[in-house]
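Here is a quick tour of how some chains and helices meet. Have a look at the sequence and the structure first.

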Amino acid sequence: MKSMQATTSIKRGLAVLAASCVLFAGAAVAQEPIKIGAFLAVTGPAASLGDPEQKTLEHYVGKINAAGGVLGRKLQLVSYDSAGDAEKARTFAKRLIEQDKVDMIVGGTSTGETMAVIPLVEAAQMPFISLAGAVVIVEPVKKWVFKMPHSDRMACEKIFIDMQSRKLSKIALISGPGGFDKSMRAECLKLNKQYGIDVVADETYGGGDTDMTAQLTKIKNTAGVQAVLNPGFGQGPAIVTKNYGQLGIAMPLYQSHGVASKEFIKLAGAAAEGVRLPGAAVLVADDLPANDPQRSVAVAYKHEYESHFKSDISTFGGHAYDGLMIAVAALKKAGSTDKAKVRDAIEATRGYVGVDGTYNMSATDHMGLDLTAFRMLEVKGGNWTLVK
Amino acid sequence: MSAQFLQFLLTGLTVGAIYALVALGFSIIFNASHVINFAQGEFVMIGGMATMSLTASGLPYLLAIPLAIAAAALVGLALEKFAVEPAQGASVVTLIIITIGASIFLRGLALVIWDKNLHPLKPFTGDTPIAIAGATILPQSLWVLGVALAIVLALSWFFGRTLLGKAMLATSHNRLAAQLIGINVRMVLFLSFGLSAALGAVAGILVAPITTTSFDVGVMLGLKGFAAAILGGLGSGVGAVVGGLVLGIVETMSAGYLSSAYKDAIAFVIILAVLFFMPSGLFGNRGGERV
Amino acid sequence: MLARLASPRTGGLLALAVVIVLLPLALSNSYFYDVAILVGLNAIVCIGLNLLIGYAGQISLGHAGFFGLGAYGSAILASRYGWPPLAAMLTTTLAVAALAFLVGRPILRLKGHYLAMATLGLGVIIFMVITTEDKVTGGPDGISVVPFRIGGFVLQGERIWYWVVGALLLVAVWLALNLIESPAGRALRALHSSEVGAEVVGINAANHKVMVFVISAVFASIAGSLAAHYSGFVTPGKVAFLHSIELVTMVVFGGMASTFGAVVGAAVLTTLPQLLAVLKDYEMMVFGAVMMGTMIFLPRGVVPSLARLIQTRRQKASNNGGEGGHEQGAGASHSCGDATGRDCHRPPTVAVLKPRQSDGGGGV
């Protein structure tokens, strides 16, 4: 009798033990965070792009976790500063894939860094959402590589269309030493004839240059020039714009989306009045008409970022935001961190309304944006405004 | 044509004046210790960034600028005290690596204290360009040229007329002899760092309203200042100034008349050519070599 | 036998070989192999640069230029023009050697900081050309590079590359050590202490300087070619002035006039940023502080300072009686620099005449 009772209680005890083991195991698995890897140019020449990207990712991963995480698990951001250097980016990407064993990667501030990493993510079959601009990243399409920002080709197209509407047909280019600058310049030089535009002058400046009046003087004295286009980002375009004002050049000045931030206006000062560039909706979030599909997302991001970080938003942070949100949506859709399923889910993103545009990905289009994602903006009264 | 030339010249002089100030900083430290202080560019950065913070917190320029210069001078003195002095007796190459480490350290410190963004600085007397015979010049550029000239004059008075200045000059000519006649060469070295830092800071403050400032503006300016100091001949104050102006003008003229893409390369080719014919720079000591 | 092991040539080389063979036990994934390979490639460049800086007493702030030329030469010939990678690498190396020879003669007439500036200028000019001629070089975004293959055998994957780089590193160290011990090497060291003095005893200073300049350029170029094929892409970042400074720092940090010092310097300064990456914003500060601190407390560089420390300990031990000093002395009186940490400022003729007895080897 007693032994039977003992056996039963042992059995019961074992059952309880077994049950709790399963529960703990389940809980342990549930506790393991979903790792999102990132390598961004937080310092270095592309810092004006990488820093808001880093801040945005950190902030929103925190927010998502506070709201309960994804698939019942917390998100963990593993990020490294690649400082705009392709070699560092490659090593850090390897570290993310092999050592940190992340589930997906969002990053690659500059084209050089992204291109260096592509062979790695393809070989490792790791979903990768790039935050860099050049069109070569997704042309030809690579299975595991996606891209958030508008391409430099799109920027050229948008600008040329605007130039056409203003009857400008002879322009000058002035660009900097960066990959972004040169890549956009090359794309514009491929397209200008299609829009009936002649490039009559083509000047460049160096990194760390403090004065571009020499180049601009040459441009000013070139016969027939009607407008100037400055592909670039960071300090260079700000100085170009200031020198532009200093030399009293009256022609229209177009900047690129590389300086699509309020910071540019602050740096360039009064000379920025009248400058136009193709920018994402988020820059003029509050001015978007009420029926604009991007309005609510853009306004929410703008207010959140500005109140939390006490600094102005930029479209680059916006790309990081869109990248993160699309990644999270893909995770939810795939129902797991299985890389192949997540990749398929990203590719199936349709009609996703983001801060920087509405994304429609497909097997042949891993960028998902069209020209409507770019708005033509102009600086008026020290602020970005929509050109109607 | 000549308006264009004048524009290039004015721009070249402005840029050159900045290089000259940075080059002077290199020269002064080199004179006292035969060390090239690779952290010189960081003093330029500190000048601009400190002024930016101080004015952002409400101080007027009249207060912010001297404070920023003092801050940079303090950093220079600290650098000498804590990094260079403990390494006394080490080879010159080792000291150079120490200053490189210091430059990285200071940049990292600036990154933490401030941020990675670019910051504008208000020009001293406004932004309206001044027209001169078809060319334009910013009021800030006039400040750059004027202050640089004043500093050069002040330094030549200092080195030529004051006891301390003469002591520093004596140390640069012959350290041992200077020690023998009672000059405290350690103090000279200490003060050289402070003076060079102040000079760098002034350059940074002058140029920041034109170019904006950030935690890593020092890298390029330091490099160009070094090139200017070498071009003019290390150890020569006149050489530093001439080197700086020549470098600035060559750069701008190359950009204007030759190729803007290659302007830096052309400037370096010219420096190499000068060194080929004058291995000690334009005004450098054609010293004999001790066997 | 034991005495031979104590000499840097066989003993050090053996130790390095052992490290290279055993290291994979600690490398648990491709990322670690990647870092090890980068260390190896940097070390090869540094060994060559150390010959120039530490032994010949010259300076170069533009060696990233040669590294970059090697990388881009291989990349362009192999990827754009479809040359077999080995042929591309050899052609590039020859071209870089020729360039170094042509440029070396006029440049090496300069001394000290002027030489530094000239080499810096050379590096910058190379950088500007590469960045601007984007039709050929891909500009700032660079170009991708085909993997290295010899015949049908493709060199791909971290593990294979690790062994290749490891073997080449041993070859490089062996070559450098042989050069240092040879008459040419002794001539170099004589040059370092006094150029005029060396000329007086019949050493053609200009020729020797150019020779070591070319050799160091070749080392850098080969490492560059390999790096290009290994990473699969090249960007101008590898040619930048900052990279030149990194290389010089590695050499000085590890110990000038010390081949193993160059290896150690490359190892530490390549892995340190990886370790410090977790510090994020504070990384730069800590890195700079480490550099400063190490050079202040170990002014000769890591390896010579440590070797000296060991030497003084041994000297103390031998002073307390014993045979220990005997081997040490026998080994020490041969060479300067290297693991013995002895200064190379002593003209070699004196060292040769020094009696082969145990004098503790210390106190230079």
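A crossing counts as left-handed if the near helix is turned anticlockwise from the far one by less than a right angle, and as right-handed if clockwise. This is a predicted model, where local features need pLDDT of at least 70, side-chain atom pairs count only at pLDDT 80 or more, and totals for chains, interfaces and linings use all residues. Residues are numbered from 1 along each chain as its sequence is written, with chains lettered from A and ligands numbered from 1 in the order in which they are written.

By that rule, H2(B) passes H8(B) in a right-handed crossing. The two helices, residues 40–56 and 185–211, pack at about 55° with axes 7 Å apart. That makes H2(B) oblique to H8(B) (not under 35 degrees, over 145, or 65 to 115).

Now the chain interfaces. Residues are in contact if their C-beta atoms, placed from the backbone, lie within 7 Å. On that basis, 38 residues of chain B touch 34 residues of chain C. H4(B) brings the largest share of chain B's side, 14 residues. Chain A puts 30 residues against 27 residues of chain B, and H7(A) gives the most to chain A's side, with 5 residues.

Here are the two sides by class (Ala, Val, Leu, Ile, Met, Phe, Trp, Tyr, Cys and Pro are nonpolar; Asp, Glu, Lys and Arg charged; the others, Gly among them, polar):

| Side | Nonpolar | Polar | Charged |
|---|---|---|---|
| Chain B touching chain C | 30 residues | 5 residues | 3 residues |
| Chain A touching chain B | 9 residues | 15 residues | 6 residues |

Key
Two residues are in contact if their C-beta atoms, placed from the backbone, lie within 7 Å. Helices (H or I, at least four residues) and strands (E, at least two) are DSSP runs, numbered from the N terminus. Axes are lines fitted to C-alpha atoms, for helices over the stretch in contact, and angles run from 0 to 180 degrees between N-to-C directions.
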